[in-house]
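The following account leads the reader through a single protein chain. It proceeds from the overall fold to the strand pairing and then to the interior.

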Amino acid sequence: LFGAKYCGTKNEELIMSWGVDGKLCLWDSHSLGQIHSPMSILVDRSDYPIYAVDEVAVSQKSANASDANAPKGSSVASCIAVTGGRDGGFLGIPVYLYDVKGST
C-alpha cells in the first residue's frame with residue numbers, strides 16, 4: 001500500500017487505496033471491523049505499480065439544453081490521475097487519466 005485518500009461527496013464516504021500491486025481500490029469509509037475485500041477494484045494492472053493518485057471533480061452543465069437525451073441540470077465529472085510504472089524510477093513515466101461520471 002503506497003497511499004489512501006478519502007473521496008466521494010462532502011461526507012467522504014469512500015476511500016481510494018493504491019499500491020505496488022497495481023490496484024486502485026475503492027472502500028467504504030464507514031465500514032467497521034476487519035474488511036478483507038474492497039467494494040470495487042477500479043484499476044488492476046500487475047505490471048504497473050501505482051505510486052500516486054489524485055482526483056479532481058468538475059461541475060458541468062448540459063451542453064445542449066434542447067437535446068431531449070441530454071441530462072437535465074448539472075452533473076459532476078471526476079478525473080482520476082494515476083502515476084507509477086517500472087520505467088522511470090519512483091515517479092514513473094506514464095500518467096493514466098480515468099474519467100468518472102456521476103450526478104448531483
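The paragraphs below treat the fold, the sheet, the core and the cysteines in turn.

The model is a predicted one. Its chain contains zero helices and seven strands, so the succession of elements from the N terminus reads β-β-β-β-β-β-β. The chain has 104 residues, of which 25% count as buried. Its accessible surface amounts to about 7200 Å², and carbon and sulfur atoms contribute 55% of that area. Among the contacts with a separation of 6 or more, 36% link residues 24 or more positions apart.

Strand pairing may be considered next. Strands of a sheet pair through backbone hydrogen bonds, in either a parallel or an antiparallel manner. In this chain, an open sheet of four strands has the order E1-E2-E3-E4, and its pairing is antiparallel. E1 and strand E4 (40–44) each have a single partner strand and stand at the edges, which means that one side of each lacks a neighbour in the sheet. On average, neighbouring strands of this sheet are turned by 20° against each other, direction ignored.

The N-terminal part of this sheet can be followed residue by residue. Strand E1 (residues 3–7) and strand E2 (residues 14–18) run antiparallel and are joined by five bridges. Within this pairing, Lys 5 has Met 16 of E2 as its bridge partner, while Tyr 6 stands opposite Ile 15 in E2. The two strands form a hairpin with six residues between them, and Gly 8 in the turn has a positive phi of about 105°.

E2 is in turn joined to E3 by five bridges, again in an antiparallel arrangement. Here Met 16 has Leu 26 of E3 as its bridge partner, and Ser 17 stands opposite Cys 25 in E3. Met 16 thereby appears in both pairings, with Lys 5 in one and Leu 26 in the other. E2 and E3 likewise form a hairpin, with four residues between them; Gly 22 in its turn has a positive phi of about 80°.

The interior comes next. In soluble globular proteins, nonpolar side chains tend to be buried together. The largest nonpolar core of this model has 11 residues: Cys 7, Met 16, Trp 18, Leu 24, Leu 26, Val 43, Tyr 48, Ile 50, Val 53, Ile 80 and Val 82. Two or more residues of this core come from each of E2, strand E3 (23–28), strand E5 (50–61) and strand E6 (74–84). Which residues does Leu 24 touch, leaving aside those up to four places away in sequence? Its contacts are Met 16, Ser 17, Trp 18, Ser 40, Ile 41, Leu 42, Val 43, Ile 50, Val 53, Ile 80 and Val 82.

The cysteines complete the picture. Cys 7 has a relative accessible area of 9% and therefore counts as buried, the limit being under 20%. Cys 25, at 8% relative accessibility, is buried by the same criterion. The structure holds zero disulfides. Cys 7 is nevertheless one of the residues of the largest nonpolar core.

Note on methods:
Residues numbered from 1 in each chain as written. Predicted model: local features only at pLDDT ≥ 70, side-chain atom pairs only at ≥ 80, totals over all residues. Heavy atoms only, no water. Pairing = 2+ DSSP bridges. Core = buried A, V, L, I, M, F, W, Y, C linked by side-chain atoms within 4.5 Å. Buried < 20%, exposed > 50% of the residue type's maximum accessible area, 1.4 Å probe, protein only. Contact = heavy atoms within 4.5 Å. Areas by Shrake-Rupley, 256 points an atom, 1.4 Å probe, with all protein chains shown as cover. Axes fitted to C-alpha atoms, helices over the stretch in contact; angles between N-to-C directions. Disulfide = S-S within 2.5 Å.
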